[in-house]
Structure formats: C-alpha cells, structure tokens
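Work through the exercises below with the sequence and the model open. Try each task before reading its solution.

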Amino acid sequence: MSRFPLDVLIDTFYLLPVKTLLRFRALSKSFCSLIDGPDFIKHHLEHSLSTKSHLILILKGLHLYTVDLDSLDKAIPFSEYPESIWGGTEVLGSCNGLLALSNSDQDFLLFNPSTRKLFKLPVEIIELPNDSCIRGFVFSGFGYDHVNDDYKVVRMVRFKQDEDDNIGWFSEYEVKVFSLKTNSWRQIKKLPNYLRFMFQFYFHLLHIRGYGVYACGVLHWVLPRRPELGVGNLIILQNVEIVGSENGFE
C-alpha cells in the first residue's frame, strides 16, 4: 500500500462506508491515525452528504433498528447496546449520523450508531424559578452549528403558576443550550413572548413529545392553533448557529 499515492488512498477511503473503515483501522497504525483524524472524518461526512451515499434509517421501537436506504429490505436490530441505553430511552433527534437520546428531561446522550460510541452529557438540573411555580412540559432539539463546527442540544422547560390553567398565558420558559465543543450548558436570557403559547395539552398529548425537527441548520417546532387568541398553526424556528449568542428564534 505504501506504493499508492496518499491522495489516491484518501479519495478511495472517502468512498467506503464507516463499518468498512473501522475494519481498516486494524491494518496499520498509519491507517488508524488517518481514519481517526478529525479532518478525514469531516471530509468523509461531507462526501457522504453531498453524494447521498452510505445513508441509513434509524427506527425506534422497544429497541433501535437500522435500515440501509439503498435497499430498504430489512431492519437490523442493534446487537450491542451501551449500558446507558435502555427500553425507555427516546430518540429526540438526529444529525450527520449522530443520535441525540434522552433518558429523562435531565439525562441526555449522543450516540454514534456506526462506531457504537456514546457520549453522556453533563446532567443539567431543572430548578424552579420560585416556590409558586410547577414544572410543565419540556421541549428538546438537536442540531449542528455549521459556523462554529459544533453540535448542540436545546432544552426548553415550561413553568407555570399553580393556579394557571392549560392555556398557559402566564407561563415562563427556561431555555438552555448544550455545546459539545465546550461540553457545557448555557442559558439563553432573551426569549420571545410567543414561547408562552407553545404548549397545548391535547395537541402534545396526541403528538410525539416536543422534539424539534432539524433541517437546513434550523430546529423547527409547531406552535399549536389558538382560536381563542386568533392564532393559527405556526412553525417556530430556532437557528442553531446563533443560539449561543442570541435567542435565535424566528
């Protein structure tokens, strides 16, 4: 292999799926160093996204399953699970081959199904803003910050006064963002007023939790219809790229 030009070898490796590359790591120290390098990982991902190759679909029932999008012939269950993943674990989002998992509203994990590597986020306790508040619904999302080359988890916690009804006119929200690059949580202070109306009991009872949908660098949530306020169905956008410095909502 030493007689092959390095650029030809690298271009060939870009064409291979992750599972094959993981086996090639055992061939030599130089292969292992190349494949594990951050530049190679980034360019391999960019190539896979641009060519729409090596794509898999993740299905969640009682367990996680993978389906090859090129064939769609069989769902293959994960044979080995990290001990932090169990039957009650929920998938709150996916991006660039990574899964964001939730064991609870305070216990989040990032999981790479190709390498089986798991990263546990530091636990961020949800504290009540005052003694008269109770904790309500929690919205979460996961996405990639292209500007800062960073993966982020967003958590929005709804609080309301004990005497409030389900309309939530006087609800307060706490929004925190986790940065994988800094391995830390940060609270977002400037929040738009319409967050008070994100939760509607029957709407979220019938839908899958409050997980945001990541597309084109932005997280999306549906703001339910509020006939009593003259508000129709709206989509709330949160820009993952600026959410660390501004509120990022639209």
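Helices (H or I, at least four residues) and strands (E, at least two) are DSSP runs, numbered from the N terminus. The model is predicted: local features need pLDDT of at least 70, side-chain atom pairs count only at pLDDT 80 or more, and totals for chains, interfaces and linings use all residues. Residues are numbered from 1 along each chain as its sequence is written, and side-chain values use heavy atoms, with hydrogens and water left out.

**Exercise 1. Confidence and overall make-up**

Task: State how many helices and strands the chain has, and where its confidence is lowest and highest.

Solution. Start with the count: the chain has 5 helices and 14 strands. Next take pLDDT, the predictor's confidence in each residue, from 0 to 100. Its mean over the chain is 77, and 74% of the residues reach 70 or more. Helix α5 (residues 201-206) has the lowest confidence, with a mean of 64, while β11 has the highest, at 91. Over residues 164-169 pLDDT stays under 50. For that stretch the model has 17 contacts beyond four places in sequence, where contact means heavy atoms within 4.5 Å.

Finish with burial. A residue is buried under 20% relative accessible area, exposed over 50% and partly exposed in between (1.4 Å probe, protein chains only). Of the 250 residues of the chain, 39% count as buried.

**Exercise 2. An open sheet**

Task: Give the strand order of the open sheet of 4 strands and name its edge strands.

Solution. Strands of a sheet pair through backbone hydrogen bonds, either parallel or antiparallel. Here two strands pair if DSSP finds at least two bridges between them. The order is β4-β5-β6-β7, and the pairing is antiparallel. The edges are β4 (90-95) and β7 (117-120), each of which pairs on one side only. Now look at one pair: β6 (residues 108-112) and β7 are antiparallel over 4 bridges. L109 has K120 in β7 as its bridge partner.

**Exercise 3. Strand β9 and its neighbours**

Task: Which residues of β9 lie on each side, and are they buried or exposed?

Solution. In a regular strand the side chains alternate between the two faces of the sheet. On one side of β9 are D150, K152, V154, M156, R158 and K160; on the other are Y151, V153, R155, V157, F159 and Q161. Both faces are covered, and these residues are all buried. The count for the strand is 12 of 12 residues buried.

Next follow the pairing. β8 and β9 are antiparallel over 11 bridges, and β9 and β10 are antiparallel over 8 bridges. K152 takes part in both: K152 is the bridge partner of G143, and S179 in β10 is the bridge partner of K152.

Last, look at the turn. β8 and β9 form a hairpin with 4 residues between them. D149, in the loop between these strands, has a positive phi of about 50 degrees although it is not a glycine. D149 counts as partly exposed because its relative accessibility is 40%. N183, in the loop between β10 and β11, has a positive phi of about 55 degrees and is not a glycine either. N183 has a relative accessibility of 38%, so it counts as partly exposed.

**Exercise 4. Cores and rings**

Task: Which residues have the most contacts inside the largest nonpolar core, and how are the rings of F137 and F139 arranged?

Solution. A nonpolar core is a set of buried Ala, Val, Leu, Ile, Met, Phe, Trp, Tyr and Cys residues joined through side-chain atoms within 4.5 Å. The largest has 30 residues, and F139, F142, M156 and M198 have the most contacts inside it. Strands that each supply at least two of its residues include β8 (133-145), β9 (150-161) and β10 (172-179). Another core, of 9 residues, lies apart from it and has L9, I10, Y14 and F40 among its members.

For the rings, use this rule: rings of Phe, Tyr and Trp (its six-membered ring) pair if their centres lie within 6.5 Å; planes under 30 degrees apart count as stacked, over 60 as edge-to-face and the rest as tilted. The count comes to 11 aromatic pairs. The ring centres of F137 and F139 are 4.9 Å apart and the planes stand at 65 degrees, so this pair is edge-to-face. F142 and Y151 are stacked, at 6.0 Å centre to centre with 20 degrees between the planes. Both F142 and Y151 are buried. Elsewhere, ring pairs link F13, Y14, F24, F31 and F40 into a cluster.
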